[in-house]
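Trainee: Please take a close look at the surroundings of the ligand. After that, set that part against the rest of the model.

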Amino acid sequence: MTRPVYLDNHATTPLDPRVLDAMLPYFKEKFGNPHSSSHSFGDEAADAVEKARAQVADLIGAEAREIIFTSGATESNNISIQGAARFHKGKKNHIVTVVTEHKCVLESVRHMEDEGFDVTRLAVEKDGLIDPRRFAEALTEQTVLATVMSVHNEIGVIQPLAEIGRMCREKGVYLQSDCAQAVGKIPLDVNEMNIDLMSISGHKVYGPKGIGALYLRRRPRTRVHPLFHGGGQERGMRSGTVPAPLVVGLGEACAVAAEDMAADHARVGKLRDRLLDGVRAGIPDVILNGDAECRVAGNLNLSFPGVDGNAMMAALRPHICVSSGSACTSTSVEPSYSLVALGLDKDLAHGSFRVGVGRFTTDAEIDTAIGVIVDQITALGGGKGVRTAAE
Ligand SMILES: *Cc1c(COP(=O)(O)O)cnc(C)c1O
């Protein structure tokens with residue numbers, strides 16, 4: 001049996017071989033602790049960490065000293081949301097978020113609600129985007145932080161961060177952004193977008209798992225309380241030994257992304273468009289969820305009216321790796337809350353999946369995927385409906 005075609009690059013990306021090559025010496029002979037300043041093993045690792053810090057910073061228009069290494073975007077979101085809220089507690093007590101944010105953002109915000117903060121959870125429009133006017137209305141004198149992601153992890157839509165950032169800066173509100181899916185995929189500039197805190201994940205950008213970064217703005221100074229206490233590494237924001245091999249991998253992944261972004265964007269976008277055209281030719285009533293234009297190159301989120309979601313995922317599973325976005329709760333399988341937020345009914349949300357085309361996806365794999373999707377969905381009775389207004 002050949003392995004199924006991997007089209008789930010939003011869940012994780014494979015390690016780029018260039019990244020692995022950069023990391024290997026730091027797993028082997030260059031194993032020093034980057035905080036051991038008494039000898040050359042430590043210095044060698046510390047130099048590598050600082051090089052990586054600059055590589056990460058360069059990709060987002062930041063200064064190296066504004067980058068804090070963490071275990072991933074989950075931790076970065078937790079530090080920035082909880083840390084900023086707690087730092088300003090007593091002076092400001094309001095947080096703005098969006099209903100389609102990643103679970104780790106929503107759960108961090110809920111935790112702050114339990115600690116006494118007021119929360120505004122903005123709805124999204126049918127296209128998955130927030131309305132900047134509604135966002136402006138949500139900001140108050142009491143707002144400490146707004147958390148709005150860039151690229152959505154399921155629907156792939158890109159929120160208008162530059163516009164949102166301008167509003168936040170005018171009101172003196174921190175803009176925190178979960179950019180796990182955006183870094184290395186679309187151009188980002190923390191200064192042009194007025195982002196004060198940004199979360200980055202290594203394994204979404206062809207780097208290793210278990211490493212990420214937090215961008216923490218210096219001017220105007222953005223203040224957060226750390227979550228971990230200890231040796232005071234990473235400017236006191238993240239105690240614990242910095243994992244030099246993983247950090248080197250994240251740095252190299254960012255350097256490669258800076259180099260390849262334009263070419264990747266063009267190639268991945270073409271493959272994604274060909275996949276959509278091919279599926280539409282076979283299943284004319286397929287629905288593309290989320291804005292068609294304001295979307296990251298590799299993403300499709302498709303719904304198939306009249307097709308049972310469980311049967312669909314089971315039929316696709318041996319052939320292609322895509323994600324349903326459904327979540328199992330103790331009592332039932334709940335459809336993706338993000339698709340529900342777009343206004344899809346439960347059945348349609350269940351009959352949906354996300355495709356993530358990536359840097360290593362081939363033309364042949366796209367051909368295979370088109371054939372599998374059209375055949376399997378047709379066999380399940382799909383493709384017979386009329387186009388719906390939801391489109
Ligand atoms: C993957 C992902 C995360 C979590 O990142 P980790 O580095 O795995 O903790 C957070 N937000 C978004 C949007 C993601 O896609």
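Mentor: A polar contact is a pair of N or O atoms within 3.5 Å; within protein, one atom must be able to donate a hydrogen and the other to accept it, and residues adjacent in sequence count only if both atoms are side-chain atoms. The model is predicted, so local features need pLDDT of at least 70 and side-chain atom pairs pLDDT 80 or more, while totals for chains, interfaces and linings use all residues. Residues are numbered from 1 along each chain as its sequence is written, and side-chain values use heavy atoms, with hydrogens and water left out.

The ligand is surrounded by 13 residues (a heavy atom within 4 Å of it). The closest are Thr74, Asp178, Gln181, Ser201 and Lys204. A polar side-chain atom of Thr74 is 2.6 Å from an oxygen atom of the ligand, and for Lys204 the corresponding distance is 2.7 Å, again from a polar side-chain atom to a ligand oxygen. Ala73 takes part through its backbone: an N or O atom there lies 2.9 Å from an oxygen atom of the ligand.

Now the wider frame. An automatic or database assignment sets the domain bounds: domain 1 covers 5-11 + 261-379 and domain 2 covers 17-256. Their centres, taken over C-alpha atoms, are 28 Å apart. Contact (heavy atoms within 4.5 Å) involves 24 residues from domain 1 and 32 from domain 2.

The two domains bury about 2300 Å² between them, 55% of it on carbon and sulfur atoms; buried area is the accessible area (1.4 Å probe) that two parts lose on being put together, summed over both. On the domain 1 side, Met261, Tyr337 and Arg359 lose the most area to domain 2, together 29% of what that side buries. The interface has 13 residue pairs in polar contact, both residues at pLDDT 80 or more, but 0 salt bridges (a side-chain nitrogen of Lys or Arg within 4 Å of a carboxyl oxygen of Asp or Glu).

With helices (H or I, at least four residues) and strands (E, at least two) taken as DSSP runs numbered from the N terminus, the elements giving two or more residues to this side of domain 1 are α7 (244-282), β10 (299-303) and α9 (337-341). The largest share, 4 residues, comes from α9.

Across the whole structure there are 21 salt bridges. One pairs the side chains of Asp16 and Arg359, at 2.9 Å from N to O. Asp16 is in the loop between β1 (5-6) and α1 (17-27) and Arg359 in the loop between β14 (352-356) and α11 (363-379), so the pair ties together parts 343 residues apart in sequence.

Finally, the backbone. Most residues other than glycine have a negative phi, and most peptide bonds are trans. Arg219 and Pro220 are joined by a cis peptide bond, with omega about -10°, and Pro220 is in the loop between β8 (212-216) and α7. Glu234, in the loop between β8 and α7, has a positive phi near 55°.
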